[in-house]
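Could you walk me through this structure step by step? I am new to it and would like to follow it from one feature to the next.

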Amino acid sequence: LCSVFKQEVKKIRIKITSLGLTESRITSDDTIQQLFVECRLNHFLAEETPLSLPKPAGGQKIHYNYSTVINVDKADNHEEREYLKSILLKPDLPADSLKFTVVSDPPEDEQDLECEDIGFAYVSLKEIFQKQRDIIDQDIDVFDSQDASAVIGKLTVTVEALQALRSVHEECKND
C-alpha cells in the first residue's frame, strides 16, 4: 500500500491587478503624479510593483498586473510559518493582514521629494482561513493615509493563501 502524504503548501500568491482612485485630495494634488504599490506581510517581507504608473484620472484605473509569491516552506521560512500559525492561534493578534500601501513616487525632475505613503488597504489572512476562501480579483478599499476613515480608491488584488494556511493549521494540530 502506498500512503498519501498531505503536501506541505509553501506559497502565498499575491497579485496586484489595478488601482482606481475616487475624487479626493489625492486626485487634486498635482505633486502626486506617479504611484506604485507595496505589499507587506508583517515585518518579514515587502514587495513592490516594479513600475510606478501615472496617477489615474477619476473613474479610470491603472493596471500593474504584478504577481509575487511569499514562500512559507518549513525549511527556509520558519519565521513566516510561525507567524501564520500565530494568526490562526491567536484570535486577537492585530497584525493578521497583508498590508498594501499606495505610494507616491516623485517625478524624475524632482528627486529631492520623498516617496510618500498616500493610502493603505488590507487583506485579512485570518478571514481567508475563516471563510475558507481565497480572494480572487477583488476590489478592496484604499484608505487615506491622513484620514483612515476616508476611502480614496479601490485596489484590485488576488491573495491565494488558503492552501498555505490550511497546511499551517494541520501542523498546529499535529504539534
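Let us begin with the cysteine C115, in a model that is predicted. The closest cysteine sulfur to that of C115 belongs to C39, and the two are 17 Å apart, which is too far for a bond. A disulfide would need the two sulfur atoms within 2.5 Å. C39 is therefore in no disulfide, with C115 holding the nearest cysteine sulfur at 17 Å. The count of disulfides for the model comes to zero. The surroundings of these two residues can be described as well: C39 is buried, at 2% relative accessibility, whereas C115 is partly exposed, at 45%.

If there are no disulfides, what about salt bridges? The count here is seven. A good one to look for first is the pair D144 and R25, whose side chains meet with N and O 2.8 Å apart. This salt bridge links distant parts of the chain, because D144 sits in strand β8 and R25 in helix α1 (residues 25–28), with their positions 119 residues apart in the numbering. D144 is buried, at a relative accessible area of 7%. Its partner R25 is partly exposed, at 26%.

A second salt bridge joins K154 and D141, with N and O at 2.2 Å. This pair also links distant parts of the chain: K154 belongs to strand β9 (residues 151–160) and D141 to strand β8, and they are 13 residues apart. Both ends are partly exposed, K154 at 36% relative accessibility and D141 at 28%.

Another of the salt bridges is found between E38 and R40, where the closest N and O atoms are 3.4 Å apart. Here E38 counts as buried, at 16% relative accessibility, and R40 counts as partly exposed, at 31%.

Strand β8 has come up with D144 and with D141, and there is another residue in this strand to look at. D137 also lies in β8, and its phi is near 45°, a positive value in a residue other than glycine. D137 is partly exposed, with 47% relative accessibility. Which side chain reaches the backbone nitrogen of D137? That of T158 does, at 2.9 Å. T158 is in strand β9, the strand that also holds K154. With a relative accessible area of 6%, T158 is buried.

Now step back along the chain to the loop between α3 and β8, where Q132 is found. Q132 is not a glycine, yet its phi is positive, at about 55°. This residue is partly exposed, with a relative accessible area of 34%.

This part of the chain also brings us to a pocket. Which elements supply at least two residues each to the lining of the second largest pocket? They are β7 (116–124), α3 (125–131) and β8 (135–144). To trace the lining in the structure, look for Y122, V123 and S124, then E127, I128 and K131, then R133 and D134, and finally I135, Q138 and I140. Sorted by class, the lining has five nonpolar, two polar and four charged residues. The space in this pocket comes to about 170 Å³.

To finish, look at two residues that lie well separated in the model. E170 is in helix α4 (residues 162–174) and is partly exposed, at 25% relative accessibility. How many Å separate the C-alpha atoms of E170 and P54? The separation is 44 Å, for two residues that are 116 residues apart along the chain.

Looking back, strand β8 makes a handy guide for a second tour. It holds D144, the partner of R25, and D141, the partner of K154. Strand β8 is also the place of D137, whose backbone nitrogen is reached by the side chain of T158. And β8 is one of the elements that supply at least two residues to the lining of the second largest pocket.

Terms used
Residues are numbered from 1 along each chain as its sequence is written. This is a predicted model: local features need pLDDT of at least 70, side-chain atom pairs count only at pLDDT 80 or more; totals for chains, interfaces and linings use all residues. Side-chain values use heavy atoms; hydrogens and water are left out. On a 1 Å grid over the protein atoms alone, a cavity is a set of points where a 1.4 Å probe fits but cannot get out, and a pocket is an open set with protein on both sides within 12 Å along at least five of seven lines; lining residues have an atom within 4 Å of a point. Grid points are joined across faces, edges and corners, and a volume is the space filled by probe spheres set on the points. Helices (H or I, at least four residues) and strands (E, at least two) are DSSP runs, numbered from the N terminus. Ala, Val, Leu, Ile, Met, Phe, Trp, Tyr, Cys and Pro count as nonpolar, Asp, Glu, Lys and Arg as charged, and the others, Gly among them, as polar. A salt bridge is a side-chain nitrogen of Lys or Arg within 4 Å of a carboxyl oxygen of Asp or Glu. Buried means under 20% relative accessible area, exposed over 50%, partly exposed in between (1.4 Å probe, protein chains only). A polar contact is a pair of N or O atoms within 3.5 Å; within protein, one must be able to donate a hydrogen and the other to accept it, and residues adjacent in sequence count only if both atoms are side-chain atoms.
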